[in-house]
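Work through the exercises below with the sequence and coordinates open. Each task is followed by a worked solution.

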Amino acid sequence: MPQPFLYNLIDKAVFDYKLIEKGDKILVGASGGKDSTALIEYFENRQKRKNADFEFLALNIQTDFGGGLPSDIQTLFKEWNVPVKSIFVDVTGRLSDGYKMSCYWCSNLRRKELINFAVKNGFNKIALGHHLDDILETLLMNALNKGELSTMTPSLKLEKYPVKIIRPLCYAGVQTIVEHSKKGGYFGWTCTCTYQDNSTRKDARRRLELLTGGDRKKKERLFKALKNIRPEYLP
Ligand SMILES: Nc1ncnc2c1ncn2[C@@H]1O[C@H](COP(=O)(O)OP(=O)(O)OP(=O)(O)O)[C@@H](O)[C@H]1O
């Protein structure tokens, strides 16, 4: 049986950006959502391949207002034989006086915890479940709100830590992941915390759909354009 389309896209990203290399110890951020779950499914599958030579651990960060792995996902991870660990972070307790809780603050803190855990436990890479649409939305947000041409990269060497952030889903559009996760029976869980305010991202998502008409090929071409820059025709 041919492997799922999603795996082909991840394989290509892994090859193009050398995301998984011999001897890698990779920490995968496991939110319980469809994106990171699909990524973990891929890692588990890739480890069964001949000559696979990497280790991985799925790390879930639970906070004082949620973020734990739903029991269905825990069962799935058990079935897949995925090594998984959960740690707790008191997000509200770490908020300095005068600061308001926000999605941005919480996700930054979760990111920091992933990095601290990776450094302490000898992981050289952290894999996150950001996908093609996330990357293009961030591109639009940065261009339209900051006047800056930048976005999340498939592979980023952190300056202050001996760790790389990798995004193996960078070629996979959200629709591909939705279809894949529906087949796997794990589509549907999302962050439901009461502090959620991602209106800027929602706006970018709407703009991306308008720009591309939801066409996967057009989104792929927009990503390709980021690697095909003609400075002589730019201001
Ligand atoms: N509570 C968490 N514990 C561990 N990793 C997390 C957690 N929340 C998010 N991450 C990591 O950060 C990535 C981006 O987070 P974000 O909140 O944007 O997720 P998302 O777009 O909802 O994706 P997902 O479907 O994986 O939740 C996730 O794909 C995951 O790898």
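The exercises concern a predicted model, and they cover an annotated domain, a ligand shell, a helix, a core and a single residue.

**Exercise 1.** State how far apart the ends of the annotated domain lie and what its helix and strand content is.

Solution. The UniProt record, an unreviewed entry, lists residues 25-184 as "domain: tRNA(Ile)-lysidine/2-thiocytidine synthase N-terminal". The end C-alpha atoms of residues 25-184 are 26 Å apart. Helix makes up 42% of the span and strand 19%.

**Exercise 2.** Describe the residues around the ligand by distance, secondary structure and residue class.

Solution. Start with distance: 16 residues surround the ligand, and Gly29, Ser31, Gly33, Ser36 and Gly129 come nearest. Next, assign elements: helix H2 (34-47), strand S2 (54-63) and helix H4 (103-120) each contribute at least two residues to the shell. Finally, sort by class: the shell has four nonpolar, nine polar and three charged residues.

**Exercise 3.** Check the length of H2 against its residue count, then decide whether the helix is enclosed or not.

Solution. H2 has 14 residues, and at 1.5 Å a residue the expected span is 20 Å. Its end C-alpha atoms are 20 Å apart, so the two values agree. For burial, the criterion is 20 or more other C-beta atoms within 10 Å. Of the 14 residues in H2, 10 are buried, so the helix is largely enclosed by the rest of the structure. The buried residues run through Lys34, Asp35, Ser36, Thr37, Ala38, Leu39, Ile40, Glu41, Tyr42 and Phe43. Their cover includes helix H1 (5-17), strand S1 (24-29) and helix H6 (174-184). S2, helix H3 (71-80) and strand S4 (125-127) are also among the covering elements.

**Exercise 4.** Find which residues touch the most other members of the largest nonpolar core, and list the contacts of Leu27.

Solution. The core holds 46 residues, and those with the most contacts to other members are Leu27, Val28, Leu39, Ile126 and Ala172. Helix H5 (residues 132-146) gives the most to this core, with six residues. Leaving out residues up to four places away in sequence, Leu27 touches Leu57, Leu59, Leu114, Phe117, Ala118, Phe123 and Ile126.

**Exercise 5.** Place Val119: which helix holds it, and what does it touch?

Solution. Val119 lies in helix H4. With 17 other C-beta atoms within 10 Å, Val119 is partly exposed, because the partly exposed class falls between 12 and 20. From Val119 to Ser107 there are 12 residues in sequence and 18 Å in space, C-alpha to C-alpha. Beyond residues up to four places away in sequence, Val119 touches Tyr161, Pro162 and Val163.

Notes
Residues numbered from 1 in each chain as written. Predicted model: local features only at pLDDT ≥ 70, side-chain atom pairs only at ≥ 80, totals over all residues. UniProt positions renumbered as here; feature names shortened; annotations may be inferred. Helix = DSSP H or I, 4+ residues; strand = E, 2+ residues; numbered from the N terminus. Near = placed C-beta within 6 Å. Nonpolar A, V, L, I, M, F, W, Y, C, P; charged D, E, K, R; others polar. Expected span 1.5 Å × (residues − 1). Contact = placed C-beta atoms within 7 Å. Core = buried A, V, L, I, M, F, W, Y, C linked by C-beta atoms within 7 Å.
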